[in-house]
Every structure is written in C-alpha cells, then in structure tokens.
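Got your viewer open? Let's take a walk through this structure, one selection at a time.

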Amino acid sequence: MPTPTLLVLDAEPLPRLGSLTGRVRIEHTDADGLAARLPRADVLLVWDFTSRAVREAWPGEGPRPRWVHTASAGVDHLMCPELAASDTVVTNARGIFDQPIAEYVAALVLAMAKDLPRTLELQRERTWRHRESHKVAGSRAVVVGTGPIGRAITRTLGALDITTALVGRTARTGVHGPEDLDRLLARADWVIAAAPLTDQTHGMFDARRFGVMQPSARFVNIGRGQLVVEEALAEALAKRWIAGAALDVFESEPLTPDSPLWQVPGLIVSPHMSGDIVGWRDELGAQFVELYELWAAGKPLENVVDKQRGYVPGH
C-alpha cells in the first residue's frame, strides 16, 4: 500500500505530529499553494483554522483528499458547496475547547456582575469609589447552542448557582427549541451565544432580539462572530437596552484599530482567545494523531461533521 500523503495548511507554530513520522508523507503549504497540492493529498489537516483558503481551493480540478480535519470547533471557514456535496469526510476539534471556554464565560459573567472592568479603570486613575455589585447566584441564563461547549457552559454556570436554560435546533428533553428563545430572553440576566454558524443562526442576535432582552441583561458571544449583528449590539448598548456585553468573536478578525467596537460603552472585547489555554496546540495535535490512527486502521472516525448542518450531530 502506498504511503499516504498528509497535507497541512500551515500556521505557526506547526503541529507536533511526531508519531506519524516515517509512516506518512507530510507536506506543508500556505494558502497560496493549497490548490496545487490538494490533488496529491489523501488527508488535509487545516491547522490554520482562520484561513478561508479551503473554500477557495476546493472547487478546482483533480482528485480531492478523502478526509479533512480542522483544528477548530467551527467548520464554516472551510465548508463550500463542492466540499459539502463530496464524499470527503470532515472532522473537527470537538472536545478540546469545551471546558476552557466554559471557564472563560464564567469569568466574564463574574467580571460583569462584580464590575471588575470599572474597578481596574478606577485603580489606574487612583480613584477610590465604593460601589455595589450584583450577586450571580439565583440569576438566570440562556445558553444558545447545545453542543459540548454549550453544555459545558451550562454545567459551569450551574456551579455558580445560575439557573440555565439550554436552547437548541429542536426541542427535546432538557433542551428548548427556537420557538422558546424570545420568551427565555425576556427573563434572562445572562445570554450566551455558543451556537454553530448556519443559515438559521446567521445574524440571529439582531436589533429585535436585543430589544426583547431586559435592561439588566448582559450578552456574551463565544460562538461565531456572524451570529451577532454588531451594529445592533452597539446600538443596544449605547441606548441601554441591555446592561453590558462581551465579544470574543467578530464578523471580521482581527478587529482593526479603527473599529468602533473598541469604544462601545459596556462592551468587553477579547481577541478570540476564550478556548486557548496553555498547551492547547499540543492537545490539538495529539487529537489529530489519534484520529489518524483510526483512519489508517479503517475504523470509523470520531467528530464527524454533518456537512449539510455544519456541525457534529448527537446533542
């Protein structure tokens, strides 16, 4: 059997794939070279999960890899009609980011409830200003997205004694359907966006949805930037329709220095880092090696994405 070719769409630092050395022909490419190398690859590892190069290169001529793995939870950056219609299996990094993102969300909830951003500002100004803060125990949250990340957020907020409603694509035991979302938003103190990006979720948090929320509510997006109409969120904060928000993902990344979002009152901006803990790249590399062993042995792969839905089903 010929040695399989693994093509890596590079990003620094490169993945550690040591146990595959000598067993696999590993080739590296940047976005510009991807189209020319795709026909020779049996497997494509999308290590640069911020690149949209796969969407652009996939429709070209010649054979295509039998398996594509992306080192990310989301797959919208690589999915195109030609890939969705193909026999190629797509897998993602499901399971790596769940708890780190949940902890990050909990940190944001506590930071906003306890007014920590203002405390740090006052410290820099050397100003002593006593204030009252909010208790999170007994408050209500809505988490939109029922995948492993959404469920980890629900568990972690539960540890803070926050009552959490989980909203998914369809209603089932323990999960509310989309028809319940507006009703839940109207009562929520915390609204967490953790859904995958699909045709149904694109722009779901718009002016109408922010208008449904109560003035004391706070909004957090750690899902995909395109879930939120950013201009509507900025307006909702400026008009005090809601009390605060935090964005870790954006419609366009990185956020440019001249973006008005930097100065929106009550908005915490972070650079798409909620799941990135010390050692996360090593975990991503180890996960891919484990999946490769399954693929090489002809066994069913884990984390297989439903290419029509745009996420791994099962929740």
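Which residue in β2 does L7 stand opposite? Select L7 and look across to the neighbouring strand: the residue facing L7 is E27. Before you go on, keep in mind that this is a predicted model.

**Stop 1: the strand you just landed on**

Now select residues 5–9, which make up strand β1. This strand pairs with β2 in the parallel sense, over five bridges. You have already seen one opposite pair, and here is another: L6 has I26 as its bridge partner in β2. Turn to the other neighbour and you'll find β3, joined to β1 by four bridges and also running parallel. On that side, pick L9 and you'll see V46 of β3 standing opposite.

Is β1 mostly covered or mostly open? Mostly covered: five of its five residues are buried. Colour T5, L7 and L9 one way and L6 and V8 another, and you have the two sides of the strand, both covered. As a rule, side chains in a regular strand alternate between the two faces of the sheet.

**Stop 2: the whole sheet around it**

Zoom out to take in the five strands of this open sheet, in the order β2-β1-β3-β4-β5, with parallel pairing. At the edges stand β2 (25–29) and β5 (89–91); each has a single partner strand, so one side of each is left without a neighbour in the sheet. Going from one strand to the next, the twist averages 20°.

Next, select residues 280–296. That's helix α10, which packs on the sheet and touches β1, β3, β4 (67–70) and β5. Compare directions and you'll get about 165° between the helix and β4.

**Stop 3: a buried acid**

Head for D48, in the loop between β3 (43–46) and α2 (53–57). What is the nearest side chain of opposite charge to D48? Select R281: it is 9.6 Å away, and D48, though buried, has no salt bridge. A salt bridge needs its nitrogen and oxygen within 4 Å. What D48 does have is a polar contact of 2.8 Å with the side chain of T50. Show the surroundings too: leaving aside residues up to four places away in sequence, D48 touches L9, D10 and A11. You'll recognise L9 as the residue opposite V46.

**Stop 4: hunting salt bridges**

How many salt bridges does a search of the whole structure find? The count is 13. Let's visit some.

Start with E27, the residue opposite L7. Add R37 and R40 to your selection, and you have a network of salt bridges linking E27 with both.

Then jump to R209 and D182, whose closest N and O atoms are 2.7 Å apart in a salt bridge. R209 belongs to helix α8 (residues 207–212) and D182 to helix α7 (residues 181–185), so this pair ties together parts that are 27 residues apart in sequence. Switch on a surface and compare the two ends: R209 counts as buried, at 14% relative accessibility, while D182 counts as partly exposed, at 25%.

While you're there, select D180 and R183. Their side chains meet in a salt bridge at 3.7 Å, N to O, and R183 is partly exposed with a relative accessible area of 43%.

One more pair: R309 and D306, with a salt bridge of 3.6 Å, N to O. Here R309 is partly exposed at 35%, and D306 is partly exposed at 24%.

**Stop 5: a second sheet**

Now show the open sheet of six strands, with parallel pairing and the order β7-β6-β8-β9-β10-β11. Its edges are β7 (163–167) and β11 (267–269), each with a single partner strand, so one side of each lacks a neighbour in the sheet. The twist here averages 15° from one strand to the next.

For a close-up, select residues 244–247, strand β10, which pairs with β11 in the parallel sense over three bridges. Click A246, and I268 is what you'll find opposite in β11.

**Last stop: out on the surface**

Finish at K135, in the loop between α5 (116–125) and β6 (140–144). Buried or exposed? K135 is exposed, with a relative accessible area of 66%. Add K114 to the view: the two lysines are 21 residues apart in sequence and 7.9 Å apart in space, C-alpha to C-alpha.

Note on methods: Residues numbered from 1 in each chain as written. Predicted model: local features only at pLDDT ≥ 70, side-chain atom pairs only at ≥ 80, totals over all residues. Heavy atoms only, no water. Buried < 20%, exposed > 50% of the residue type's maximum accessible area, 1.4 Å probe, protein only. Lys, Arg positive; Asp, Glu negative; His and termini not counted. Polar contact = N/O pair within 3.5 Å; in protein donor to acceptor, adjacent residues only side chain to side chain. Contact = heavy atoms within 4.5 Å. Pairing = 2+ DSSP bridges. Axes fitted to C-alpha atoms, helices over the stretch in contact; angles between N-to-C directions.
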